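The exercises below are meant to be worked with the sequence and the coordinates open side by side. Each task is followed by a solution that proceeds step by step.

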Amino acid sequence: MSGVDGPTSDAAPGRAVTVAARPRLTTRRVAPAGWWWDALAIIAFVVLTLVLNAGHLVAFDLRVRDWCTAHDGLAPFAGVLNYLGQGGFFTVVCSLLAVYWVWRRHSVRPLLPVILAFVLSYVVLTVFKDVTNRAAPRSPVPHPELFGSGGVSYPSGHLANAFVWYGVLALLLAPWFTARWRWFIRIAPPVILTVTTIYLRYHWFSDTAAGILVGFVLWRVIARVPWDDVPLGSWLAGRGWDGPALFTHAR
């Protein structure tokens, strides 16, 4: 019996035995780079929320709403464009596209960003909306511009969803679209929705600003995950369902 504790090996005496180490996981690069941008967005959201809770900026929200009410001639056109922010629809679209890649790549990895996007957006938006309890500009309740007036307007789910779901969509479309087109897919919808949600009085101006900040941070969390490298366990590995499938190494 050997007096040396530790794992045994069948290698010939004197021959070095090498054990393959699992690569260290590193977060993917996002643009603009650095965690400072995330911190600034979070601070800006907190400050905006506290300022609104104290009653400031409310007069500005009311002036914007009144201007949109008086100049609503383009409402039908804006209403069509506003469908770009329907989170439920794009959850289904991204899920179906992920299932397609699961089938093509024989890997469950394409489903992972869809699941995380749904969980993050649902939990974060639900908590914030329930806590602030702010009605929409169209609401007939007294003083809808105030927190606690009764509603789910703050922050704007349209804008947060736009950042999150169009980011996931661009990720899943990577084999078919160039980097420039993927950037356009991610940026154009939030820009359009910033205008339409305010103009249609679905959200206050400050709701929209808060939604942008929340969506910006949530998408950067999702984008940083090294999806093709995350360990998925021996069960999936043994059945060949954990291979790289999200094209993250080529980006």
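**Exercise 1. Determine how confident the prediction is along the chain, and find which stretches fall below 50.**

Step 1. Take the pLDDT, the predictor's confidence in each residue on a scale from 0 to 100, and average it over the protein, which gives 88, with 88% of the residues scoring at least 70. This is a predicted model, in which local features need a pLDDT of at least 70 and side-chain atom pairs count only at 80 or more, whereas totals for chains, interfaces and linings use all residues. Residues are numbered from 1 along each chain as its sequence is written, and side-chain values use heavy atoms, with hydrogens and water left out.

Step 2. Compare the elements, where helices are DSSP runs of H or I with at least four residues, numbered from the N terminus: helix 1 has the highest mean pLDDT, 97, and helix 9 (residues 234-238) the lowest, 87.

Step 3. Look for the weak stretches: over residues 1-12 the pLDDT is below 50, and this stretch has two contacts (heavy atoms within 4.5 Å) beyond near neighbours in sequence. Residues 16-21 also stay under 50, and for them the model has two contacts beyond four places in sequence.

**Exercise 2. Identify which helices supply the largest nonpolar core, and which residues have the most contacts inside it.**

Step 1. Apply the definition of a nonpolar core, a set of buried Ala, Val, Leu, Ile, Met, Phe, Trp, Tyr and Cys residues joined through side-chain atoms within 4.5 Å, where buried means under 20% relative accessible area, exposed over 50%, and partly exposed in between (1.4 Å probe, protein chains only). In soluble globular proteins, nonpolar side chains tend to be buried together.

Step 2. The largest such core has 37 residues, and those with the most contacts inside it are Cys94, Val114, Tyr154, Trp165, Val168, Leu169 and Leu172. At least two residues of this core come from each of helix 1 (36-53), helix 4, helix 5, helix 6 (157-172), helix 7 (179-199) and helix 8 (205-224), and helix 6 gives the largest share, 11 residues.

Step 3. Separate from this is a second core of six residues, among them Val64, Ala78, Tyr199 and Leu200.

Step 4. Return to Tyr154 and list its neighbours more than four places away in sequence, which include Phe45, Leu48, Phe128, Arg134, Asp207 and Ala210. Tyr154 is also joined to Pro155 by a cis peptide bond, with omega about -10 degrees, and Pro155 lies in the loop between helix 5 and helix 6.

**Exercise 3. Find how many salt bridges the structure has, and where the partners of Asp38 and Arg134 sit.**

Step 1. Search for a side-chain nitrogen of Lys or Arg within 4 Å of a carboxyl oxygen of Asp or Glu; the whole structure yields five salt bridges.

Step 2. Asp38 pairs with Arg224 at 3.1 Å, N to O, and this pair links helix 1 to helix 8 across 186 residues, with both Asp38 and Arg224 buried. Asp38 and Arg224 also belong, with Arg220, to a network of salt bridges.

Step 3. Arg134 meets Asp207 at 2.8 Å, N to O, so that the loop between helix 5 and helix 6 is linked to helix 8 by residues 73 places apart; Arg134 and Asp207 are buried.

Step 4. Set beside these the pair Asp66 and Arg65, at 3.2 Å, N to O: Asp66 counts as partly exposed because its relative accessibility is 42%, and Arg65 is partly exposed at 22%.

**Exercise 4. Decide whether Asn133 and Arg201, which have positive phi, are buried or exposed.**

Step 1. Asn133, in the loop between helix 5 and helix 6, has a phi near 55 degrees, although it is not glycine. Because its relative accessible area is 29%, Asn133 is partly exposed.

Step 2. Arg201, in the loop between helix 7 and helix 8, has a positive phi of about 60 degrees, and with a relative accessible area of 17% Arg201 is therefore buried.
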